[in-house]
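Visitor: Could you walk me through one part of this structure, slowly and closely? I am new to this, so please show me the reasoning behind each step.

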Amino acid sequence: MGRPPRAPKRVYKKKATEENKEGDNKAAKAKAVLTRGRFLKGKHKVWTTATFRRPKTLAQARTPKYLRHSTLKAGTVNKYSVIEYPLVGESASKLMEDQNTLVFIVNLKSTKPDIKRTFKERFNVDIRKVNTLIRPDGKKKAFITLKGEQAAVELGSKIGII
């Protein structure tokens, strides 16, 4: 036994009335909505990706009632707390004479741009580069190399290293 034959699909014919022929298009659409309902089948959206991305929604600015952090953010350190003291020794004086470099102990949380900015403000000299390292005792050492014309020996004697 096979399947029973399917019933033919119903074909709805539009009733051509005189109003639709003569009237404007808006009236015809309004009548169609009233007769067939407002949930007409629309076009299907074509998906091009396999993943669903959530839509962007309104992101409001935060307005906290109290401060969450009591400490300052990085980069907002005091210019007098960045550079702690100069290092004095044979290797530091050799670097001063040979490579035009000064050696300082700096704050552990200060960054290279902080060191460069505060050194330039305090001593009015141009800086080529800053190298840093953290010593085994937990202190940060900064090697500050000056630009060509300025002698590190002169600045060292002005500061009181030599």
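Guide: Happy to! Let's warm up with a small check on a helix. The expected span of a helix is 1.5 Å times one less than its number of residues. Helix H2 covers residues 25–36, which makes 12 residues, so its expected span is 16 Å. The C-alpha atoms at its two ends are 16 Å apart, and that agrees. H2 is also hardly covered by the rest of the chain, with a count of one buried residue among its 12.

Please keep in mind that this is a predicted model. The chain has six helices and four strands, and along the sequence they follow the pattern α-α-α-β-α-β-α-β-β-α. Of its 162 residues, 20% count as buried.

Now for our close look: helix H5 and what surrounds it. H5 runs over residues 112–123, and strand S3 over 127–134. What gathers on the surface here, with Lys 112 as one member? The answer is a patch of positive charge, made of Lys 112, Lys 116, Arg 128, Lys 129 and Lys 147. Both H5 and S3 supply at least two residues of this patch. Take Lys 112, which lies in H5. A patch residue needs over 30% relative accessible area and no salt bridge. Lys 112 has a relative accessible area of 40%, so it is partly exposed and clears that cut-off.

Next come the charges that do find a partner. Side chains of opposite charge can pair when their charged atoms come close. Within H5, Arg 117 forms a salt bridge with Asp 114, and their closest N and O atoms are 2.6 Å apart. Where do Arg 117 and Asp 114 sit relative to each other along the helix? They are three residues apart, about one turn of H5. Now compare their surroundings. Buried means under 20% relative accessible area, and exposed means over 50%. Asp 114, at 3%, therefore counts as buried. Arg 117 has 37%, so it falls in between and is partly exposed.

A second pair involves Lys 120 and Asp 126, whose side chains meet in a salt bridge of 3.7 Å from N to O. Are these two partners buried, exposed or partly exposed? Lys 120 has a relative accessible area of 45% and so is partly exposed. Asp 126, at 32%, is partly exposed as well.

Between H5 and S3 there is a loop, and Asn 124 lies in it. The phi of Asn 124 is near 55°, a positive value in a residue other than glycine. Asn 124 has a relative accessible area of 66%, over the 50% cut-off, so it is exposed.

Let's step back along the chain to what comes before H5. The side chains of Asp 98 and Lys 94 meet in another salt bridge, at 3.3 Å from N to O. Both belong to helix H4, residues 90–98, and because they are four residues apart they are separated by about one helical turn. Asp 98 is exposed, with a relative accessible area of 53%, and Lys 94 counts as exposed at 53% too. A search of the whole structure finds four salt bridges, among them the Asp 98 and Lys 94 pair.

After H4 comes a loop leading to strand S2, residues 101–106, and Asn 100 is found in that loop. Asn 100 has a positive phi of about 60° although it is not a glycine. What about its cover? Asn 100 has 17% relative accessibility, so it counts as buried. Compare Asn 124, which is exposed.

Our last stop is Thr 101, placed in S2. At 4% relative accessibility, it counts as buried. Which residue does Thr 101 pair up with in the C-alpha distance we can check? That is Phe 143: the two are 42 residues apart along the chain, yet their C-alpha atoms are separated by 6.3 Å.

Conventions:
Residues numbered from 1 in each chain as written. Predicted model: local features only at pLDDT ≥ 70, side-chain atom pairs only at ≥ 80, totals over all residues. Heavy atoms only, no water. Patch = residues over 30% accessible without salt bridge, like charges linked within 9 Å, V, L, I, M, F, W, Y side chains within 5 Å. Areas by Shrake-Rupley, 256 points an atom, 1.4 Å probe, with all protein chains shown as cover. Lys, Arg positive; Asp, Glu negative; His and termini not counted. Charge placed at Lys NZ, Arg CZ, Asp CG, Glu CD. Buried < 20%, exposed > 50% of the residue type's maximum accessible area, 1.4 Å probe, protein only.
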